[in-house]
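Here's a small set of exercises to work through with the structure open in your viewer. Try each task before you read its solution.

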Amino acid sequence: MTTTRRVFITSVAATSAAMMTNQAFAETKLDETSGQAVALGYVHNSAKVDSKKYPKHATVQICSNCLLWQSKATDPWGNCVLFAGKQVNAKGWCSTWAKKA
């Protein structure tokens, strides 16, 4: 039940954020050391996630198969609802990762 609730809430948040933004996503790549990236545990490579800090992480969880990914699954870098104006690595990961339905 927790997973379903989390996916629903994440879906609502992603949809709301996408509707509220009118600007096109910029081509600038997200800096892993930026405040928001650090707060969400974002890394460019899912294999480098701190497993002690994020024990529920699995290496198959990558940005390109996340519900919040806004680009083609085959794009090496793409747009994420959470990091408006920055592109994230398709093989990246953050703590808000949620499986696409």
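**Exercise 1. Aromatic pairs**

Task: Work out how many aromatic pairs the model has, then classify the one formed by Tyr 54 and Trp 93.

Solution:
- Keep in mind that this is a predicted model. The count comes to two aromatic pairs.
- Now take the rings of Tyr 54 and Trp 93: their centres are 5.2 Å apart and their planes sit at 65°, so this pair is edge-to-face. The distance is within the 6.5 Å limit for pairing, and the angle is over the 60 degrees needed for edge-to-face.
- Next, place the two partners. Tyr 54 belongs to the loop between helix H2 (35-39) and strand S1 (77-79), while Trp 93 is in the segment after strand S2 (87-89). With their positions 39 residues apart, the pair links distant parts of the chain.
- Last, check burial: both Tyr 54 and Trp 93 are buried.

**Exercise 2. The fold in brief**

Task: Which pattern does the protein chain follow along the sequence, and what share of its residues is buried?

Solution:
- Start with the elements: the chain has two helices and two strands.
- Put in sequence order, they read α-α-β-β.
- For burial, 33% of the 101 residues qualify.
- For contact range, look at contacts with a separation of 6 or more: 62% of them are between residues 24 or more positions apart.

**Exercise 3. Core and cavity**

Task: Find the residues with the most contacts inside the largest nonpolar core, then describe the lining of the largest cavity.

Solution:
- The largest nonpolar core holds 18 residues, and the ones with the most contacts inside it are Leu 30, Tyr 42, Phe 83 and Val 88.
- Zoom in on Tyr 42. Skipping neighbours within four places in sequence, its contacts include Leu 30, Phe 83 and Val 88. Also among them are Cys 63, Trp 77, Trp 93 and Cys 94.
- Now hunt for empty space: searching the whole structure turns up one cavity of 30 Å³ or more. The largest cavity has a volume of about 80 Å³.
- Its lining is made up of Tyr 42, Cys 63, Cys 66, Leu 68, Trp 69, Cys 80, Phe 83, Val 88, Cys 94, Thr 96 and Trp 97.
- Sort that lining by type and you get ten nonpolar residues, one polar and no charged.
- Compare the two lists: Tyr 42, Phe 83 and Val 88 appear both among the core residues with the most contacts and in the cavity lining.

**Exercise 4. Three residues from one loop**

Task: Ser 46, Gln 70 and Ala 73 are each in the loop between H2 and S1. Is each one buried, partly exposed or exposed?

Solution:
- Ser 46 has 2% relative accessibility, so it counts as buried, the cut-off being under 20%. Beyond its neighbours within four places in sequence, Ser 46 is in contact with His 57, Ala 58, Thr 59, Gln 61, Ile 62, Lys 91, Gly 92 and Trp 93.
- Gln 70 has a relative accessible area of 40%, which makes it partly exposed. Not counting residues up to four places away, Gln 70 touches Asn 79, Cys 80 and Val 81.
- Ala 73 comes in at 56%, so it is exposed, the cut-off being over 50%. From Ala 73 to Cys 63, ten residues apart in sequence, the C-alpha distance is 9.0 Å.

**Exercise 5. Two partly exposed residues**

Task: Locate Lys 86 and Ser 95, then find which residues each one contacts.

Solution:
- Lys 86 is in the loop between S1 and S2, and its relative accessible area of 32% makes it partly exposed.
- Leaving out neighbours within four places in sequence, Lys 86 is in contact with Thr 28, Lys 29, Leu 30, Gly 78 and Asn 79. The C-alpha atoms of Lys 86 and Glu 27 are 6.4 Å apart, though 59 residues separate them along the chain.
- Ser 95 is in the segment after S2, and at 34% relative accessibility Ser 95 is partly exposed.
- With the same kind of neighbours left aside, within four places in sequence, Ser 95 is in contact with Leu 40 and Tyr 54. Ser 95 and Tyr 54 are 41 residues apart along the chain, with 7.5 Å between their C-alpha atoms.

Technical notes
Residues are numbered from 1 along each chain as its sequence is written. This is a predicted model: local features need pLDDT of at least 70, side-chain atom pairs count only at pLDDT 80 or more; totals for chains, interfaces and linings use all residues. Side-chain values use heavy atoms; hydrogens and water are left out. A nonpolar core is a set of buried Ala, Val, Leu, Ile, Met, Phe, Trp, Tyr and Cys residues joined through side-chain atoms within 4.5 Å. Buried means under 20% relative accessible area, exposed over 50%, partly exposed in between (1.4 Å probe, protein chains only). Contact means heavy atoms within 4.5 Å. On a 1 Å grid over the protein atoms alone, a cavity is a set of points where a 1.4 Å probe fits but cannot get out, and a pocket is an open set with protein on both sides within 12 Å along at least five of seven lines; lining residues have an atom within 4 Å of a point. Grid points are joined across faces, edges and corners, and a volume is the space filled by probe spheres set on the points. Ala, Val, Leu, Ile, Met, Phe, Trp, Tyr, Cys and Pro count as nonpolar, Asp, Glu, Lys and Arg as charged, and the others, Gly among them, as polar. Rings of Phe, Tyr and Trp (its six-membered ring) pair if their centres lie within 6.5 Å; planes under 30 degrees apart count as stacked, over 60 as edge-to-face and the rest as tilted. Helices (H or I, at least four residues) and strands (E, at least two) are DSSP runs, numbered from the N terminus.
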